[in-house]
Number of protein chains: 2
Amino acid sequence: MKAKVHITLKTGVLDPQGKAIAHALGSLGFGGVDEVRQGKYIELDLAETDPAKAKAAVDDMCKKLLANTVIENYTVEVVG
Amino acid sequence: MKAKVHITLKTGVLDPQGKAIAHALGSLGFGGVDEVRQGKYIELDLAETDPAKAKAAVDDMCKKLLANTVIENYTVEVVG
């Protein structure tokens, strides 16, 4: 079963990568871009077949390794 | 209006970041993780109010800056 994890910076945390993208888009002539925030997207293939257990396991992985919960939020979505 | 962009490596392209995550999860005692792929997730705030035009603009941004279309796939989703 597959898990999709989105990790984004919390509101208020400075995002220099996003700022750099917004600046680069402006330089390339793309107007009207107010704000850009960059996060991470992780796809995991799990041997677990029970959706609830898979979600709990990935939640645990996020807390222990994937996300820095001081400055980042994460969402876990389990599919198929 | 907001646009959500997912950028992932194409199938077959080596993903050392994903491999490192899978290895680290194994070391932490998380078994049953078959494969991990890491991608990017970008949120853009756009001044454009027409969904079709916004999508076309972000598609263009992906081709010109955000994604390396030789090795990466991207998806654009326009919301609210």
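## Strands 1 and 2 of chain A

In strand 2 of chain A, A:Asp45 is the bridge partner of A:Lys2. That pair belongs to a longer match: strand 1 and strand 2 of chain A run antiparallel and are joined by 6 bridges. The model described here is predicted.

Strands of a sheet pair through backbone hydrogen bonds, either parallel or antiparallel.

## Strands 1 and 3 of chain A

Strand 1 of chain A covers residues 2-9. This strand also pairs with strand 3 of chain A, in the antiparallel sense, over 8 bridges. A:Lys2 appears again here: A:Val79 in strand 3 of chain A stands opposite A:Lys2. Further along, A:Lys4 stands opposite A:Glu77 in strand 3 of chain A.

## The pairing inside chain B

Now turn to chain B. Its strand 1 and strand 2 run antiparallel, with 6 bridges between them. One place to look is B:His6, which stands opposite B:Tyr41 in strand 2 of chain B.

Strand 1 of chain B also joins strand 3 of chain B, again antiparallel, through 8 bridges. Here B:Ala3 has B:Val78 in strand 3 of chain B as its bridge partner.

## One sheet across two chains

What joins strand 2 of chain A to strand 2 of chain B? The answer is 13 bridges, and the two strands run antiparallel. Strand 2 of chain A spans residues 33-46. A:Val33 has B:Leu46, in strand 2 of chain B, as its bridge partner.

The outcome is an open sheet of 6 strands. Read across, the order is 3(A)-1(A)-2(A)-2(B)-1(B)-3(B), with antiparallel pairing. The edge strands are strand 3 (72-79) of chain A and strand 3 (72-79) of chain B, and each pairs on one side only. From one strand to the next, the twist averages 20 degrees.

In a regular strand the side chains alternate between the two faces of the sheet.

## Helices of chain B over the strands

Helix 1 of chain B lies across strand 2 of chain A and strand 2 of chain B. This helix runs at about 125 degrees to strand 2 of chain B.

Helix 2 of chain B lies across strand 2 of chain A, together with strand 1, strand 2 and strand 3 of chain B. Helix 2 of chain B runs at about 155 degrees to strand 3 of chain B.

## Where the chains meet

How many residues of chain B are in contact with chain A? There are 29, and they touch 29 residues of chain A. The two chains bury about 2,500 Å² between them, and 69% of that is on carbon and sulfur atoms. Between chain B and chain A the count is 0 salt bridges. Polar contact, by comparison, links 11 residue pairs between chain B and chain A (both at pLDDT 80 or more).

Four elements of chain B give two or more residues to the side that touches chain A: strand 1 (2-9), helix 1 (16-27), strand 2 (33-46) and helix 2 (51-66). Strand 2 of chain B provides the largest share, 14 residues. By class, this side of chain B has 16 nonpolar, 5 polar and 8 charged residues.

## Salt bridges

Side chains of opposite charge can pair when their charged atoms come close. Over all chains, the count comes to 6 salt bridges. One of them brings together the side chains of A:Lys40 and A:Glu72, at 4.0 Å from N to O. This pair links distant parts of the chain. A:Lys40 is in strand 2 of chain A and A:Glu72 is in strand 3 of chain A, 32 residues apart.

How values were computed: Residues are numbered from 1 along each chain as its sequence is written. Chains are lettered from A and ligands numbered from 1 in the order in which they are written. This is a predicted model: local features need pLDDT of at least 70, side-chain atom pairs count only at pLDDT 80 or more; totals for chains, interfaces and linings use all residues. Side-chain values use heavy atoms; hydrogens and water are left out. Contact means heavy atoms within 4.5 Å. Buried area is the accessible area (1.4 Å probe) that two parts lose on being put together, summed over both. A polar contact is a pair of N or O atoms within 3.5 Å; within protein, one must be able to donate a hydrogen and the other to accept it, and residues adjacent in sequence count only if both atoms are side-chain atoms. Ala, Val, Leu, Ile, Met, Phe, Trp, Tyr, Cys and Pro count as nonpolar, Asp, Glu, Lys and Arg as charged, and the others, Gly among them, as polar. Two strands pair if DSSP finds at least two bridges between them. Axes are lines fitted to C-alpha atoms, for helices over the stretch in contact, and angles run from 0 to 180 degrees between N-to-C directions.
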